[in-house]
Structures are given as C-alpha cells and as structure tokens.
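Student: I am new to this structure and should like to learn how its features are read. May we begin with the strands?

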Amino acid sequence: MALISSDRLRFPCEPWKLVESIHVPGDAGTLETLFSLGNGHLGIRGAHWAGADAELPGTFINGFHETWDIKHAENAYGFARIGQRIVYVPDANNFNVVIDGEQLSLAESTVQNYRRSIDFATGVYECAVTWECRSGAIVTTVERRAVGIESRGSLGIELSLTADRQVSADVTSLVINRQDQPVEDHSAHDPRRSGRHAGRVLLPLHLQGSDGSLRMAWETAESRQRIGMAVDHWISAEGQPFETVVGEDESTVRYVMAVNEGEIFRLEKTVSYVVNSADASAADPGELLASDAELGLVPFDALLAEGAAHYRDYWSTADITIGGQPEQQQAVRWSLFQLAQATARAGVAGIPAKGVSGSGYEGHYFWDQEVYLLPYLTYTNPTAARQVLESRHAMLPDARIRAKELSVEGALFPWRTINGHEASAYYAAGTAQFHIAAAIAFATNRYQWASGDASFRAEVGADLLIETARMWASLGFFGKDGLFHIHGVTGPDEYTAVVNDNLYTNVMARFNLRAAAALEHPDVPDTERMVWQQAAARMSLPYDPDMEIYSQDNDFMTLEPWDWSTPRSKYPLLLNFHPLVIYRHQVLKQADTVLAMFLQWQDFTAEEKQRAFDFYDPITTGDSTLSACVQGIMAAEVGYSDVALKHFTEALFIDLDNTHNNTVDGVHIASTGGIWSSLVCGFAGMRDQGEIPHFDPRLPAEWDSLSFRLKIRGRLLSVELRPGSISLALVLDAASGSAPDAGAAPLEDTAPLEVSVRGQRVVVGVETVTVPLDEVPVPAPSVFPSLFPTAGLPVIGSARV
C-alpha cells in the first residue's frame, strides 16, 4: 500500500521539504528512514526523541563495522571466511520529557498539533508537537537536528519547550549504546536485513562525565575498531544539570526546573564522533579518542550555517526540475537530497547500499555504487566520484589475493564488502558475480571521460583497468569455436545463477578489455595487449535465432517459463521459493540484458534493443529495487513513452511509498541514483563515453519541461527540454534561483563544448543553443514465436490416454 503518495493531507506536497502533518501510528520505522539525516560519513535516523515512539532508531558511521567468523554448513575452498556488519554507534538522539509528572510520548499523550519536516534546502530536521497535558497545560516541543558538513563527525540537536502556564519540567538527555541492546531479530528469513551479533560488540575504553559533559570511547570486540564520542549540553536557563550519569550502555544528563508561561526553554546537545584515530600504543587510547572527539564539537548554530552553505552550492548544480508535476518534483528532490546525504562527505570510502540511513545489507558496498551512484557523482561532484574510485584502488592488494584464491590473475574485487574482503556467504549470488570488476572499470572510464582528470588516468585509473582486464583474460577461454567464453558466472539477474556466457557479463568484460587494451602503459606488454584485443573481438554473445534476440545466457531460452499466475503475496520470489526453483525458470529479478544494452549503447542496433526490451520486460518481476529505473531508461530509448513513465514513477516512489516493504532498513540509495539516470539518461537521452556527449531526448507528454546541469570536463552544461526542443548552454555563474539564495560556482573552462543531438553536432557556448526535435514515433511491438509447451502445462496432462 502506498504511503506518501496516498495521503497528501498527512504528507502535503511541498517543493523543498518532506512534511508529515499528522501523526499516525504504524509507519514509524519507514518514516525514520525517510526523515534521516546524513553526510556520507555520519548518519542519524529520523526517529522521534521519545523511546516509546521509535521503532528502529540509530546512528551510523560509514565503514565502522564488526566482524565475525562465517559458519558454513558445508565448507569449501575459497568461501568467504569473515563476515562484516555495520555497527550502531552510541546514539545521542534520545530525550525523556516529563511535564507536571507526565512523561510525554506520541503513544500515550494527547496531541493537539503535530508537524515534522526535513528541509532539502538546508539539511535540517524539525519536529514540532503541541501536547495537551493531563495537568491542563498546553506545551509545545520543537526538536531540530543538523549534521556537520565541513565537520563531518559532528551532530547538533536542539530541543525547545514552551507552555501556556508555569509547568514543572523534568528533561533527561540520553546517549544509548543501541548495538548491545536486546532487540527482536527480524533478519532470519530476509537476506536484505542486517542480522545481530551473538555477543557484546562495543567494549568500553573510557567513560567520563560531569556537569552535562560526556567523554566516552569504545572498541569493537573482534574488528578492534575504536570510536570516541564527546557530548556537551547547554540550556537557555541558568543552573547546572540535576545529575550527570555515565554508563557503558546508557549515559544521562538530567535537568529539573520550572518553565514559566511564554518562556522558551532551550536545550542544545552538541555531539562529535571520531573513529580509529587513537594511537594503539597510547597509555589510555580511550581517553585520547574522547579528547579527539572533543576537538570536533561544533555549536548548533555553526552546524546550521554549514548545512545552509553546503546545500546552497549543491542545489545550484545538482537540482533537476520537472515542469508541471509538483508531486514528482518533490519526490525527485527527496531522492537528490538522499544522494547528497549518502555521499557528500564520505571521503575516500565506499557508499553503502543504504548510505548511512540504516543497517540494511549490513552496510556493505556493492556494484551499486559504480553503476548506479557514480554516474550521478561524476556529473555533479567529480571530486567525490574520484574518492570512491580511490577507495576501490585501495582495495587492490586484497583483490589480488582474492584473485589467486579463485585461480585467476589480476584483481578480483569482492561482491560485497566493507574492509576489502569478500563477505558474501552465498557464492552463487555473490562471488559468482564477477561483473563487479567490469562495473569498476566502467565507472573508472566514465570518470576519466567526463572529467579529463589526467593524473587519475595515469595512476589510479590505469591500475583499475589493467588489473580487471587481467582477471577477465584469465577467467575466460578461447573455445573450439574460436570464440572467447566466460563460464560459471552470475549476472545482475540473481534469479539465474552460475551460468555460461551471461550476456551482460560478456558485454561488460568486452568493454573492460577494450578500454585496457587502448591504454599506453609501460606495464602492459604487446603480447598481453594482443590477448585482450582478441578476447574482446571474439567475445561470445549468446543469440537465439528463432526469437531473434540476444539470450541472457547460453541456456536461458531453454528454461521453463515462470508461472505468472503466482499470487503477488509470493513476491519477492527469493523470500518464498528455494533458489533452485527460481534458477530453472525463465524469470528475472532485475534487468540484465537490457542493462547491458543501456550501458554499452553503441554496440547494439535500435531493433536489437527493442526486441530485447519487448521480450525481457514482461518477465522481469522488479523484485530488485535496481530494476525499474533501468527498464524505464530503455523504454524511453525504444520509444515506449507510457511504459517509461510507469517504470520511472515506480522507481521514484520505492522508498517514499515503501513498495518493497523494507524501507525500514534504510534508503535504497542505488535506486535514488537510478532516478538521476532515469531523468538524465532516460528522458533527456544522454549517453557518454563516445566521441562527444550525446542527447536523444524523450520528454514525457505530461511534462512541461525538464532541466538539469552537468559538470563535463571543467564546464557546467545547462540542459533544458521542452516539447519539441532541447536548449543547451554553458553556465558561467552557477546561481540558479532554484534553491533559496543560490550561490555561484565559477566555471573552470570557458571553451565551447561540442555535443551531439540525435546525430547533429552542436557547439555549445555561453549563448543558449536551441535544437528543434521531431516527435518520436512509437514502434510496433515485437512478435515472438509461440512458446513450446513444457511439462508444467495442463495441455500435456490432458493429452494423456
């Protein structure tokens, strides 16, 4: 059932905010995700401050994790040995508010007015509640939160209180170690959810507190990572805290006072986290960590200023506007805001599948970041894109070791990881997805192409391309047919596992080999280059002549079709059917061949793309949140405008409407990256890594316009689509007027940029160039031969005598 889009009274449509104006019990966990704050390094879920009103509260730091020994029921050589899981760091967003003896909570108290919001233009969370207390007093509480941008380990929380008469207020601020709190484990039958550790995770190193100040540090039991935390409190009234209590799992600072009529009582809580910075040889590493954290404390007003400045600059480049569609516009901005929160200050680190908004997928980095997130970063924040690729480069030593374990050369990157080691215990849908190597190479090549970063190309970029190409050359082989085959792999579609010549894998490996072979690098001998060139030229691409389409793999067209009368309650299939049942049927979890044709757009004809889309789209379940955006992009290219808009809308509201029933575990951040690609690559038809940037627009008939900006080779390119035209210009001043008080970002390169619009070359300068566009005809759908009857069809049974 839809959430945000189904109730616009409760969730009014505002262009620069997500707002909840009525509290309704039952959706707390999902809304904690939707109202989360983050900066790529530090994230805090949007839980209410009262413990009774929170479902899955928590605070996370990207990369801060615990490890454990993976216990395989039946072991084998090369299986992943050590599991990794993101850790809940001690959480500061907790208060107990007692007025005239009544503890306030949405669950138990009478609420007169309620409104909470997250502001995309400033990065501020705010929740205002007016309570009708049993004493007769009317009390209003307002909580605001902000995370640091320049001070990325900092968090600020402000709680204010007013009353219509004098009240006795008893306010306790808490810091809670949630990682070691007993909770119900919902992860047993859902691999998407994060599990829990059997033993204690955070071991206290330093616990000190007095007069409202807390200085604490912990160490993880197995991974030996350390975290320091400093918390200071300030109140608007005179006086000291009633008490300050420090503990390994709960620390409190309590204030007891009278609040007079019309008086505003404000409590500011400044928090700072530092991870892994203490010298292990120090006499008291915990005290040193806590001291380091103290240096990072930033006043709340300063954090507000940091956020306002950051988002002013961010939106001047990253905003995407849709004319005439306010609900879609709000959802697009929420998605772009979440992308900023997942990546802005991550540094040289990966991007977890849930960003820093939850513990889903255990905080791991997947191929998602290269295929779904780095397009957005490359064209809006190239510096951050480079840092993500540098984090992959830092994993090369471990990737080389992993390659040897699997008897291949070069580097084999882990399917899912935090620390660079493989953490996927189920190899068929994990390690077998060798295509992650090509995803890293593809993102590397895209960044080099779009940025023109020569130093990256010569060092980090070359290493990533060369080492992944070596892996492909040794993984595959030249068969007796003279073609290059890659066997025993799993493509993006995890409902078809460990197959031979997966088309996506082979197409992307071919790209990888070509890109590496094109390098002029002293570490690549001519003989090796020749092997790469021949492997790419002779790459096996399965094709079914009867269906006249590229087959997803060598055997996909021989599989039994899925029974599409399966009730919707049985989806997603991975939670309701044994993998072997799924593997032997023609059914897709997500776009696979279609994704290959999008990424390698120049290698396939328009007819090949259409026939592939017509065949695979109806048998794709969409059980993966990565699928709808890609299906929409290719539907737009093929010319199916209605289908493209349908898939785009589905992708746009995956989290806002909780359509996959697991938004509680965090934002599907790769899907939000797919929203960016849906708009820029789908409806605007942008394609890259060719000779010049290419546009083939497909503006939906329902939209008045679509506009956005791209950073390309030191230039800022403005793109605007309207019915029948596309307008392009280089922007010298990034002030857009879209975001409040938009700032300026000077252009580094003022030279004109050449682009292609439907094959017409256009030189773009600071003067707007408008190119007229003809309407795209809707092609006739493909007609395929009738499916052969299978043993599962009733017609076979009726023919028996």
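Student: How many bridges join S30 to strand S31?

Tutor: The model before us is a predicted one. In it, 6 bridges join S30 to S31 (residues 725–730), and these two strands run antiparallel. One of the partnerships sets Ser718 opposite Ala729 of S31.

Student: What do S30 and S31 form, and how many residues lie between them?

Tutor: S30 and S31 form a hairpin, with 2 residues between them. In its turn, Gly724 has a positive phi of about 85 degrees.

Student: In which sense do strand S29 and strand S30 pair?

Tutor: In a regular strand, side chains alternate between the two faces of the sheet. Here, S29 (residues 705–712) and S30 (residues 715–722) pair in the antiparallel sense, over 7 bridges. Lys711 has Leu716 of S30 as its bridge partner. S29 and S30 also form a hairpin with 2 residues between them, and Arg713 in that turn has a positive phi of about 50 degrees.

Student: Which residues touch the most other members of the largest nonpolar core?

Tutor: That core has 211 residues, and those touching the most other members are Trp367, Trp472, Tyr616, Leu679, Phe695 and Leu706. Helix H8 (residues 436–451) supplies the largest share of this core, 11 residues.

Student: Why is Gln534 classed as partly exposed?

Tutor: A residue counts as partly exposed when its relative accessible area lies between 20% and 50%. Gln534 is placed in that class because its relative accessible area is 33%. Gln534 lies in helix H11 (residues 526–537). Gln534 and Leu513 are 21 residues apart in sequence, and their C-alpha atoms are 9.2 Å apart in space.

How values were computed:
Residues numbered from 1 in each chain as written. Predicted model: local features only at pLDDT ≥ 70, side-chain atom pairs only at ≥ 80, totals over all residues. Heavy atoms only, no water. Helix = DSSP H or I, 4+ residues; strand = E, 2+ residues; numbered from the N terminus. Buried < 20%, exposed > 50% of the residue type's maximum accessible area, 1.4 Å probe, protein only. Pairing = 2+ DSSP bridges. Core = buried A, V, L, I, M, F, W, Y, C linked by side-chain atoms within 4.5 Å.
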